Amino acid sequence: MLWASALWAPPGARAQETDPELEALIPDGAVADAEGWATNAEAESAVDDVVDTPIDETGYTLAWPDDERLAVEIEPIAPDPALAELLDPAGPEIAADLRSADMESDFAGRESDLVRTALSDRITLAYPDAFAQFGQFENFTKRFLALSTLESLADDDDTLAQVVNRARADQDLLARLLTVYGFYDADIRRELAGRRAAEAAPVDDGSDVSPAPDGGSDARFRFVLEPGPRYRLMAIDLGSLDATGGDSAMLRRSFAVEAGDPIDLDAITFERIDLQYALTQNGYPFAEVAEPQLTIDHAVDGGTLSMPVAPGGKYRFGTVTSTDPDFLSGRHLAQIARFKAGETYRGSDVEDLREAILQTGLASTLTVRPRAVVPPADGEPGVADIDVDITPAPLRTIAGAIGYGTGQGFRLAASWEHRNFFPPEGMLRLRGIAGTQEQLIGATVRRNNFTGRDRVLTLDLFANTIDRDAYEARTISAIARYERLSTLIFQKRFVWAAGLELVASQEREGALDGNLGPRETYFVAAAPGRIGFDESDDLLDPRRGWRASLLLSPEFSRNNSTGSQGFYARAILDGSFYQPLTDRIVGAGRVRFGTITGLDLSDIAPSRRLYAGGGGSVRGYGYQQIGPKDTIGDPTGGRSMTEFALEARVRTGLFDGALSVVPFIDAGAVDTTTTPRLSDLQFGAGVGIRYHTNFGPLRVDLATPINPRPGDGPVAVYVSLGQAF
């Protein structure tokens with residue numbers, strides 16, 4: 001039929017030349033009546049004759065094999081009744097896949113000896129009991145479940161075809177994961193074990209497959225695995241590591257993988273990182289550790305590891321250089337750095353310098369890299385300078401804020417600053433406040449990293465007016481302060497501050513008859529100092545540890561209106577502790593005591609007295625509202641102060657664990673005596689919300705006074721960044 005159709009042409013078709021030898025093979029009947037000839041017995045006989053006719057010497061010489069004939073009929077295979085339900089919804093290719101999944105394996109017949117572990121509603125793992133003892137079984141199963149497509153892509157609308165394809169992918173995933181832990185001869189079988197629905201009872205042996213007839217969303221799978229032997233490392237090649245001389249033994253120990261250890265690709269990867277880190281930490285800034293190459297030999301159930309190391313020579317620190325010395329000089333950067341020229345090179349010190357420069361906020365892009373200037377020679381280390389390439393960030397900022405506080409009224413604040421007005425790191429800030437109870441205009445000069453890392457010199461000059469329930473004040477202040485601070489990248493255990501304050505203030509407080517008293521002019525000179533210890537585990541959101549600080553400020557005060565003057569001292573001791581109670585709950589507590597000694601209360605300017613109440617003090621009460629009050633109910637302040645706070649910080653798990661609920665209770669008292677007392681305590685309680693961000697928790701507290709006095713409000717709200725203490 002094919003030949004006849006190929007040689008026939010419709011009338012009028014252009015004649016084509018034919019091969020004479022091929023033409024001789026065509027019977028005359030086929031030319032005259034191709035269709036009729038192709039359907040009769042003569043055509044069949046002619047074809048057999050042609051097929052059995054040997055080809056001449058110029059062509060192929062192999063005869064047609066008499067003993068290889070295709071069967072004319074193929075015996076049909078009856079469908080498996082257990083798979084009948086699968087054919088319609090899933091297709092014949094899925095049924096075939098399921099049949100292949102049930103084929104005999106090397107460990108068939110030993111299923112009764114296997115341990116079965118349900119990893120989820122959809123997946124069960126069956127394995128020899130010895131496999132669970134290899135040391136990382138839990139990690140292996142968690143990893144598999146996290147990467148499983150059966151789990152990650154599960155949906156109520158899944159078809160059986162989809163879930164079977166995912167099960168096949170999970171079978172391949174299991175094989176790959178087993179090689180990570182050194183099992184290179186694993187045998188894995190996949191079984192459709194039934195349905196998760198209550199009406200489809202699970203069958204342990206997998207013989208009764210009961211998938212959903214209209215879908216596969218509730219199909220369950222069992223993966224039966226025989227891990228085989230765990231391969232071991234036969235040899236390890238670390239290239240030129242021995243060229244490090246006396247450091248080689250120490251560096252080799254940093255790569256904690258030995259010949260004879262079971263193969264663990266994770267361990268090899270992590271130990272490679274440890275080796276690279278050890279090299280850069282011990283004077284080898286240009287060391288290179290190649291990617292590990294593992295060669296597996298199935299004949300010996302082992303493998304060899306090749307990871308060439310090129311140490312690149314040992315170096316010491318040289319000088320720090322800057323690409324923009326007028327902006328941030330190399331000399332200034334060397335003051336920030338935690339290393340000195342001549343010290344052995346340490347990669348962590350270079351990274352610390354990079355983070356410290358970023359902390360200044362002056363760099364938009366930054367690279368810090370070593371550069372060899374003197375090569376190693378005669379057993380002596382070379383010298384590597386540290387090049388700092390800086391692109392300045394925008395230096396000017398205009399900021400504003402508007403808010404309202406219980407007892408403090410409305411407040412509008414604005415500021416302009418230039419963060420490098422006086423290079424290096426000399427900030428100038430101009431600021432102003434307009435509010436119902438406070439107005440201010442001021443200028444601040446701040447020099448960061450002054451004479452040392454995280455040491456700050458601040459000069460502040462401002463004029464402000466304050467109208468609060470406790471007093472009214474019109475003040476001009478000049479403050480100089482030099483301090484060592486904790487920062488987000490380097491939380492310090494010990495901090496300190498020392499300063500000088502010069503204050504001229506006109507102040508008045510309520511008189512006994514309810515009218516405002518006369519304005520009195522105070523001149524105050526103070527030399528405050530502060531020390532602090534921090535053993536907590538986080539600067540903004542501690543969970544464990546404690547903190548303590550002491551502020552001591554000797555002061556001289558003169559009341560120019562009355563002529564009285566004298567020395568006194570203000571002291572405030574503050575302590576807090578943090579203790580995890582469970583994985584989700586942290587208990588936190590704070591105590592604070594304050595005292596002023598040396599002068600009577602009436603000789604101390606109202607703005608320098610001690611007060612309590614408010615969001616950073618005793619929540620539930622207005623700002624400065626706790627303590628002695630005058631005849632019209634305004635606070636007068638005191639010479640001693642006592643505060644307590646206790647709260648539970650409970651992680652809820654909401655918003656990926658970012659939300660916490662914080663019930664709390666506070667207490668405080670202010671007294672006119674110099675000794676802090678526990679009598680007349682005012683209590684406040686409430687609950688807060690914390691939303692944890694990467695820069696600290698956002699805090700909203702709602703509190704109410706427990707034993708309110710006349711004039712105390714029923715509810716107070718506080719909003720801020722960071723925990724209350």
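# A tour from Ser 148 to Ser 660

Select Ser 148 and Glu 151. A polar atom of the Ser 148 side chain sits 3.2 Å from the backbone nitrogen of Glu 151. This is a predicted model. Ser 148 lies in the loop between helix 8 (137-147) and helix 9 (149-152). Is Ser 148 buried or exposed? Ser 148 is buried, because its relative accessible area is 0% and buried means under 20%.

Now show the neighbours of Ser 148. Leaving out residues up to four places away in sequence, Ser 148 touches Ile 123, Asp 170 and Leu 173. Look at Asp 170 in that group. Ser 148 and Asp 170 are 22 residues apart in sequence, yet 5.8 Å apart in space, C-alpha to C-alpha.

**Next stop: helix 14**

Select residues 347-359, which form helix 14. Put a distance between its end C-alpha atoms. The viewer should give 19 Å. What span should 13 residues have at 1.5 Å a residue? The expected span is 18 Å, so the two values agree.

Colour the buried residues of helix 14: Gly 347, Asp 349, Val 350, Asp 352, Leu 353, Ala 356 and Ile 357. Then bring up what covers them. The cover includes helix 12 (265-281), helix 13 (330-336) and three strands: strand 9 (315-322), strand 10 (363-374) and strand 11 (382-392). Step past the end of the helix to Gly 361. Gly 361 follows helix 14 and has a positive phi, near 75°.

**Backbone details**

Go to Pro 424. Pro 424 is in the loop between strand 13 (409-418) and strand 14 (426-435). Check the peptide bond from Pro 423 to Pro 424. That bond is cis, with omega near -5°.

Move on to Asp 454, in the loop between strand 15 (438-447) and strand 16. Asp 454 is not a glycine, but its phi is positive, about 60°. Asp 454 counts as buried, because its relative accessibility is 9%.

Set Asp 656 beside it. Asp 656 is not a glycine, and its phi is positive, about 60°. Which element holds Asp 656? It is helix 15 (residues 654-657). Asp 656 counts as exposed, because its relative accessibility is 85%.

**The largest pocket**

Switch on a surface view. The largest pocket has a volume of about 1400 Å³. Its lining counts 45 residues, and those closest to its centre are Glu 501, Leu 551, Arg 570, Ser 607 and Arg 608. Select these to centre the view.

Next, colour the strands around the pocket. Strand 16 (455-467), strand 17 (472-484), strand 18 (494-508), strand 20 (529-534), strand 21 (545-559), strand 22 (565-580) and strand 24 (640-651) each supply at least two lining residues. Which strand gives the largest share? Strand 18 does, with seven residues. Colour the lining by residue type. It divides into 19 nonpolar, 14 polar and twelve charged residues.

**Last stop: Ser 660**

Finish at Ser 660, in strand 25 (residues 659-671). Ser 660 is buried, because its relative accessible area is 3%. Show its side chain together with that of His 692. A polar contact of 2.7 Å joins the two side chains.

Then expand the selection around Ser 660. Leaving out residues up to four places away in sequence, Ser 660 touches Val 650, Arg 651, Thr 652, Gly 688, Ile 689, Arg 690 and His 692.

Notes
Residues numbered from 1 in each chain as written. Predicted model: local features only at pLDDT ≥ 70, side-chain atom pairs only at ≥ 80, totals over all residues. Heavy atoms only, no water. Helix = DSSP H or I, 4+ residues; strand = E, 2+ residues; numbered from the N terminus. Buried < 20%, exposed > 50% of the residue type's maximum accessible area, 1.4 Å probe, protein only. Polar contact = N/O pair within 3.5 Å; in protein donor to acceptor, adjacent residues only side chain to side chain. Contact = heavy atoms within 4.5 Å. 1 Å grid on protein atoms, 1.4 Å probe; cavity = no way out; pocket = protein on both sides within 12 Å on 5 of 7 lines; lining within 4 Å. Points joined across faces, edges and corners; volume = space filled by probe spheres on them. Nonpolar A, V, L, I, M, F, W, Y, C, P; charged D, E, K, R; others polar. Expected span 1.5 Å × (residues − 1).
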